[in-house]
Amino acid sequence: MISVCIATYNGEKFIKQQLTSILEQLAPADEIIVSDDNSKDNTRNIIEELNDGRIKIIDGPGMGSPTKNFEQALKHAKGDYIFLADQDDVWKEGKVSICMKYLKDYCCVVSDATVTDGDLKETSSSFFKLNNTKYGKWYNLLLKNGYLGCCMAFRKELLNAAIPFPEDTPMHDIWLGNVAAFKFNVCFIPQSLILFRRHGHNSSSTARKSTSSLKDKINFRYAICKGLIKL
């Protein structure tokens, strides 16, 4: 069974297109867990209008934190395999089947992505190249994070090890990727499996120049290291 976990907040503009691209690749027994963090727009109504029993909407934590909202969704995931998805991207055909092949040998996989603008016009054919993503657990922990959540899928064993998140976790995907790398194993899939939409209102600065100070970056890495030591 596959669980797809999505954290939503005011995602009415793109959520239907994203969910449709996901549902087309899931089996009848699979599920999509949507944790909605008190959206003020039409997000919930749009999801409900899809009228698909595989979609389960739960209340988010109401803390205004994407990390906490994703953790809420992950706590409700029942699948043996978990995929993360953002509310504003689009999955390419074959994403699930390709990831599942790699998950036979790896606990966690992260695919490449095609970066687009809000209208899905391509701005970069490879997020990996744009981000200078490289394999290596120490490289990703200390130098350049490559664990992009919307491109991530993993086995339930990683979820069991990583939940609950440490209180000072900077972002859910950074934590999950590092737990996978240091406790299990990770594979970076070279194929681009999603359209990674950057429309100017995303909850993270990924694929744009980071606004975090050097002090913030050091603190992020310290928090991850502290959490890893406690595993």
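Colleague: Which residues touch the most other members of the largest nonpolar core?

Modeller: Of the 64 residues in that core, Val4, Ile32, Leu74, Leu84, Phe154 and Leu176 touch the most other members. The model is a predicted one. Strand S9 contributes the most to this core, namely seven residues.

Colleague: What makes Leu176 count as buried?

Modeller: Its relative accessibility is 0%, and the cut-off for buried is under 20%. Leu176 therefore counts as buried. The residue is found in helix H8.

Colleague: Which residues does Leu176 touch, leaving out those up to four places away in sequence?

Modeller: Leu176 touches Leu74, Leu84, Met152, Phe154, Leu158, Ala162 and Phe165. Phe154, on the same basis, touches Leu74, Asp80, Tyr81, Ile82, Leu84, Leu103, Cys107, Cys108, Leu159 and Leu176.

Colleague: How do you know that the span of helix H8 agrees with its number of residues?

Modeller: Helix H8 runs over residues 172-183, which is twelve residues, and at 1.5 Å a residue it should span 16 Å. Its end C-alpha atoms are 16 Å apart, so the two values agree.

Colleague: Why is H8 described as largely enclosed by the rest of the structure?

Modeller: Ten of its twelve residues are buried, so the description follows. The buried residues are His172, Asp173, Ile174, Trp175, Leu176, Gly177, Asn178, Val179, Ala180 and Ala181.

Colleague: How is Phe182 classed by its accessibility, and why?

Modeller: Phe182 has a relative accessibility of 27%. Partly exposed covers the range between the limits of 20% and 50%, so Phe182 counts as partly exposed.

Colleague: How many aromatic pairs does the structure hold, and why is the one formed by Trp138 and Phe182 given the class it has?

Modeller: There are five aromatic pairs. The ring centres of Trp138 and Phe182 are 5.0 Å apart, with 85° between the planes. Pairing requires centres within 6.5 Å, and planes over 60 degrees apart count as edge-to-face, so this pair is edge-to-face. The pair links distant parts of the chain, with Trp138 in helix H6 (residues 137-143) and Phe182 in helix H8, 44 residues apart. Trp138 has a relative accessibility of 52%, and it therefore counts as exposed, the limit being over 50%.

Colleague: What class does the pair of Tyr147 and Phe188 have, and on what grounds?

Modeller: The pair is stacked, with 5.9 Å centre to centre and 15° between the planes; the class requires an angle under 30 degrees. Tyr147 lies in the loop between H6 and strand S8 (152-155) and Phe188 in strand S9 (residues 186-197), so the pair ties together parts that are 41 residues apart in sequence. Tyr147 is buried at 2% relative accessible area, and Phe188 counts as buried at 16%. Together with Phe128, these two residues form one aromatic cluster.

Colleague: Why is the charged end of Lys95 said to sit over the ring of Trp91?

Modeller: The charged end is 4.7 Å from the ring centre. The distance limit is 6 Å, and the charge must also be within 35 degrees of the ring normal. The charged end of Lys95 does sit over the ring of Trp91.

Colleague: How many disulfides are there, and how do you know the state of Cys5 and Cys187?

Modeller: The count is zero. For Cys5, the nearest cysteine sulfur is that of Cys108, 13 Å away. For Cys187, the nearest is again that of Cys108, at 9.5 Å. A disulfide needs sulfur atoms within 2.5 Å, so neither Cys5 nor Cys187 is in one. Cys5 counts as buried at 0% relative accessibility, and Cys187 is buried at 11%.

Colleague: What makes the peptide bond from Ile163 to Pro164 cis?

Modeller: Its omega is near 0°. Pro164 is placed in the loop between helix H7 (156-162) and H8.

Colleague: What is notable about phi in Asn51 and in Leu120?

Modeller: Most residues other than glycine have a negative phi. Phi of Asn51 is positive, near 55°, and phi of Leu120 is also positive, near 65°. Asn51 is in the loop between helix H2 (43-49) and strand S3 (55-59), and its 69% relative accessibility makes it exposed. Leu120 lies in the loop between strand S6 (108-116) and strand S7 (122-124) and is partly exposed, at 24%.

Terms used:
Residues are numbered from 1 along each chain as its sequence is written. This is a predicted model: local features need pLDDT of at least 70, side-chain atom pairs count only at pLDDT 80 or more; totals for chains, interfaces and linings use all residues. Side-chain values use heavy atoms; hydrogens and water are left out. Helices (H or I, at least four residues) and strands (E, at least two) are DSSP runs, numbered from the N terminus. The expected span of a helix is 1.5 Å times one less than its number of residues. Buried means under 20% relative accessible area, exposed over 50%, partly exposed in between (1.4 Å probe, protein chains only). Rings of Phe, Tyr and Trp (its six-membered ring) pair if their centres lie within 6.5 Å; planes under 30 degrees apart count as stacked, over 60 as edge-to-face and the rest as tilted. A nonpolar core is a set of buried Ala, Val, Leu, Ile, Met, Phe, Trp, Tyr and Cys residues joined through side-chain atoms within 4.5 Å. Contact means heavy atoms within 4.5 Å.
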